[in-house]
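Please open the model in your viewer and keep the selection panel at hand. The tour below proposes one selection after another and describes what each one shows.

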Amino acid sequence: MSDELTVRVVEEERANLVCYFLASVLRRNVESRSPVQLAGNIESGLKVVAGGMTAFVYGVRDVIEVSPIERGATAVGVEGELGVLLGVLLGGGVVIPVLKGDIKVKGSPLRALRVLKLFRTPGKRKGRTGSYK
Amino acid sequence: METNELNRLKESLIEILGEGSVETSGGVLLEYSSDMTENEPHLPEIVIYPESTEQVSRCLALAGKSGVPVVPRVYNTNLGGLAIPESGGILMDLTRMNRIVEVNPRDLYMVIEPGVTQADVHDLLEKEHPGLRFGYSLAPPDVSVLANCIMDGLVNLSYRFGAMGQWLNGLEVVLPDGEVVRTGSAAVVDSWHGEAPLPHLNSLFINTFGTTGVVTKAAVQLWPRPQFEERYFVLCGDYDSAFSMITGLIDSEIPDDIGILSWPIGKLLFGNKKPLYRDPAEPLFFVYVSASSDRKAVIRDKCAHLGEIVSQLRGKGMRVEPPLEVGDLVAVEPSFASLTDFPMRLDFLLEHGGEGLTWLGTYGPVSKWTEGVKAGMEFLQRNGMPPIVVSRPMWGGHFIVLRFIMMFDRSDREEAGRIRRLNRGLFEKVIGLGYIPYKTPPWAYRMLIDKMDPAFVKLMSSISRSLDPERIMNPGKWPI
């Protein structure tokens, strides 16, 4: 991994909103965090299912790819409602939604927590999204 | 026009307006020959830039005597080809008449000239009248407020306060013979506070597209600005869920505004230039809801009520996501601010490379929304176009707007022809459900006339003839 890291949506013609949301936050995080740390944590692949939409995230050399289509194995999977995912992206806590079962984890929970933290929006804003049930 | 005749007219216009306000150079004429739409361009013969009602009056009197067509235009952002000079003649550019003549905060109105833009109004209210609010259309900041009013357009407060024709207290109009007339209270007293109890003659100049006169001033309503506002997106997975959400909101009296955006708009915001694929799990519609109040407790109650509506629909198995706060969504993806900051920046619609933008915008019954929106979206998709729809219930839910938007490459004549056919196809799809085009393009008006009650056409025709006997005003745009 080099210090130059780009984030791109692949298979874009089939990309869904979750792919775009994840890519958007990652792009901004690339600017504000250590790219090496970011890519290293995603290298083993992540599957996110939110509101029924699926996105796969892979760190491939100098690129983080977000894809609507599975392109390889994923070590960690997380699943929840779109609002819950957005709550995480906004900087909301990760541990409680996982413990409450609002976010279901496949694979190592510790690894999932570490990976999810990478998707927090820089300059986080904790709103009420996801709190209306 | 013969060259001699044109030269004589030009000289007379220079006498009225001055040398710098009359243009006949090829480059300028070309600039005024077209708009963003697929409608065929036509060159004007002269472009003029009046700066006062008196100048407009003298120019119209002159044109009337000479029988020369006059097309009034401001920023040319309508999507119906309504300021294309089909019969040549004089193109009257009103952008230099750009004064906010008066703001009356107690009687809740402002008097504006045609060149006043959404940005002008927004900036003035923010700076000098923070206790007042105005509505802004689905258009960039630099478009004419007055033009949107007299074309009965809509704004982000139209759910509560109706289409923009309803916001007009009165007008100053130069009739085709040059006479200046006022409608509303200002025809009687020195105040523009309303149209009632006088005959509602504003209507003679609303939705007539400059064919009955040139509106030089409009008194437009302003509204008190509540202290608190909350805004949400509710994502709906299918047509029935979206319809239930919309009608649930209408019945609740929660919102100031309800906007319904189809799925491609979300992807356009992320930079996908031509979204054609929708993941089956993806929301079909983004339903935007804003609510306001001067009391925090009321806002809290409205938000809780919104949550209850969503929960009830989810309980019935509807595909409705819990509300997402707009500020949160914008924090995750800043481009969503394009949809929620008024006046809007519409880069995602305007900057797609091909420069062509067109629509079929209609007003119709809420009860037929599902059939109408489905028919239009499926038609667009079958024809290889992203099914871009922007919809909004109006006037407390008494009717609803359905707008199908298409982006295209203006330089490609074949594509422009295809877009023309698609717009006509959309018209046929929705007219039978009661959806009538507004800001009506001439081609749509011609199709509409066949469906109109002949007595209604006769009445419109006699109004048009009595106001414009020489038929000089914006020929072809009210083709009765």
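The stops that follow begin with chain A and then move through chain B. The model is a predicted one.

**Chain A**

Select chain A and colour by secondary structure. Five helices and six strands make up its elements, and read from the N terminus they run β-α-α-β-β-β-β-α-α-β-α. Of the 133 residues in chain A, 47% are buried. Next, display the contacts in chain A between residues at least 6 apart in sequence: 71% of these join residues at least 24 apart.

**Where the chains touch**

Now show both chains and select the residues in contact. Chain A contributes 27 residues and chain B contributes 21. On the side of chain B that touches chain A, helix 9, strand 15 (residues 324-325) and helix 10 (residues 326-332) of chain B each give two or more residues. Which element supplies the largest share of that side? Helix 10 of chain B does, with four residues. By character, the side of chain B that touches chain A holds 10 nonpolar, five polar and six charged residues.

**The four-stranded sheet of chain B**

Hide chain A and select strands 1 to 4 of chain B. They form an open sheet in the order 1-2-4-3, with mixed pairing. Strand 1 (residues 22-23) and strand 3 (residues 70-73) of chain B are its edge strands, each pairing on one side only. Zoom in on strand 3 and strand 4 (residues 90-93) of chain B, which run parallel and are joined by four bridges. Within strand 4 of chain B, Met92(B) is the residue opposite Pro72(B).

Add helix 1 (residues 3-17) of chain B to the selection. Helix 1 of chain B packs on this sheet, where it touches strand 1 and strand 2 (residues 46-48) of chain B. The direction of helix 1 makes about 5 degrees with that of strand 2 of chain B.

**Helix 3 of chain B**

Select residues 53-66 of chain B, which form helix 3. At 1.5 Å a residue, its 14 residues should span 20 Å, and the end C-alpha atoms are 20 Å apart, so the two values agree. The buried residues of helix 3 of chain B are Gln55(B), Val56(B), Ser57(B), Cys59(B), Leu60(B) and Ala63(B). Step just past the end of helix 3 of chain B to find Gly67(B), which has a positive phi of about 65 degrees.

**Strand 10 of chain B and its partners**

Select residues 214-221 of chain B. Is strand 10 of chain B mostly covered or mostly uncovered? It is mostly covered, with eight of its eight residues buried. Strand 6 (residues 109-112) of chain B pairs with strand 10 of chain B in the antiparallel sense over four bridges; one pair to label is Met110(B) with its bridge partner Val220(B). Strand 8 (residues 168-174) of chain B also pairs with strand 10 of chain B in the antiparallel sense, over six bridges. Here Glu172(B) stands opposite Lys217(B).

**Val155(B)**

Centre the view on Val155(B), in the loop between helix 5 (residues 145-150) and helix 6 (residues 158-161) of chain B. Why does Val155(B) count as buried? Because it has 25 C-beta neighbours inside 10 Å, and the cut-off is 20 or more. Leaving aside residues up to four places away in sequence, Val155(B) touches Gly135(B), Tyr136(B), Ser137(B) and Met164(B). Arg392(B) is 237 residues from Val155(B) in sequence, but their C-alpha atoms are 9.5 Å apart in space.

**The eight-stranded sheet of chain B**

Select strands 12 to 19 of chain B. This open sheet has the order 15-12-14-13-17-18-16-19, with antiparallel pairing. Strand 15 and strand 19 (residues 436-437) of chain B stand at the edges with a single partner strand each, so one side of each has no neighbour in the sheet. Strand 16 (residues 355-364) and strand 18 (residues 399-409) of chain B pair in the antiparallel sense over 10 bridges, including the one between Thr362(B) and Leu402(B).

**Helix 7 and helix 9 of chain B**

Keep that sheet displayed and add helix 7 of chain B, which lies across strands 12, 13, 14 and 17 of chain B and runs at about 10 degrees to strand 14 of chain B. For the last stop, add helix 9 (residues 296-315) of chain B. The axes of helix 7 (residues 239-252) and helix 9 of chain B come within 10 Å and cross at roughly 145 degrees, and the crossing is right-handed. Helix 7 of chain B makes the contact through Ser241(B), Ser244(B), Met245(B), Gly248(B), Leu249(B) and Ser252(B), and helix 9 of chain B through His305(B), Ile309(B) and Leu313(B). Four of the contact residues are nonpolar, five are polar and none is charged.

Key. Residues are numbered from 1 along each chain as its sequence is written. Chains are lettered from A and ligands numbered from 1 in the order in which they are written. This is a predicted model: local features need pLDDT of at least 70, side-chain atom pairs count only at pLDDT 80 or more; totals for chains, interfaces and linings use all residues. Axes are lines fitted to C-alpha atoms, for helices over the stretch in contact, and angles run from 0 to 180 degrees between N-to-C directions. A crossing is left-handed if the near helix is turned anticlockwise from the far one by less than a right angle, and right-handed if clockwise. Two residues are in contact if their C-beta atoms, placed from the backbone, lie within 7 Å. Ala, Val, Leu, Ile, Met, Phe, Trp, Tyr, Cys and Pro count as nonpolar, Asp, Glu, Lys and Arg as charged, and the others, Gly among them, as polar. A residue is buried if 20 or more other C-beta atoms lie within 10 Å of its own, exposed if 12 or fewer, and partly exposed in between; C-beta atoms are placed from the backbone. Two strands pair if DSSP finds at least two bridges between them. The expected span of a helix is 1.5 Å times one less than its number of residues.
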